[in-house]
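Please examine the sequence and the three-dimensional structure shown below. The paragraphs that follow lead through the structure step by step.

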Amino acid sequence: MDAKQKKQVSNCETCVYFDYDEDAEADVCTANLDEDDMVRFLGGSTFYCPFYRFYDEYKSVRRQN
């Protein structure tokens, strides 16, 4: 499998879209998923998320230096 065919494995806990929802009292995905994406996400039929972006809390600090 070459680099173009490789799919990114996601870890929700490190994703920028994974936030705590006080109303639900749980961590939730805040990415804007369409109905098909939501079905795949909730069904666990996919091992990667096309919306995954690594959350780097120090990114802005590095830019200031």
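Which residues lie nearest the centre of the largest cavity? The model in view is predicted, and the residues in question are Cys12, Cys15, Cys29, Phe41 and Cys49. They belong to a lining of 12 residues. By character, this lining divides into 10 nonpolar residues and 2 polar ones, with no charged residue. The space enclosed in the largest cavity is about 90 Å³. With a threshold of 30 Å³ or more, the count of cavities comes to 1. In general, empty space of this kind is revealed by rolling a probe the size of a water molecule over the atoms.

The strands may be considered next. Strand 1 covers residues 18-21, and strand 2 covers residues 26-29. The two strands run antiparallel and are joined by 4 bridges. Two of the pairings can be traced by residue: Tyr20 has Asp27 in strand 2 as its bridge partner, while Asp21 stands opposite Ala26. Between the strands of this hairpin are 4 residues. Within the hairpin, Glu25 adopts a positive phi near 55°.

Attention now passes to helix 1, which comprises residues 35-43. At the start of this helix, a side-chain oxygen of Asp34 comes to within 3.2 Å of the backbone nitrogen of Asp36. Just after the helix, Gly44 has a positive phi of about 70°.

Finally, the confidence of the prediction should be taken into account. The average pLDDT of the chain is 76, and 69% of the residues score at least 70. Confidence is highest in strand 1, at 92, and lowest in helix 2 (residues 59-64), where the mean is 64. Over residues 1-6, pLDDT stays under 50. For residues 1-6, the model has 1 contact beyond four places in sequence.

Conventions:
Residues numbered from 1 in each chain as written. Predicted model: local features only at pLDDT ≥ 70, side-chain atom pairs only at ≥ 80, totals over all residues. Heavy atoms only, no water. 1 Å grid on protein atoms, 1.4 Å probe; cavity = no way out; pocket = protein on both sides within 12 Å on 5 of 7 lines; lining within 4 Å. Points joined across faces, edges and corners; volume = space filled by probe spheres on them. Nonpolar A, V, L, I, M, F, W, Y, C, P; charged D, E, K, R; others polar. pLDDT = per-residue confidence, 0-100. Contact = heavy atoms within 4.5 Å. Polar contact = N/O pair within 3.5 Å; in protein donor to acceptor, adjacent residues only side chain to side chain. Pairing = 2+ DSSP bridges.
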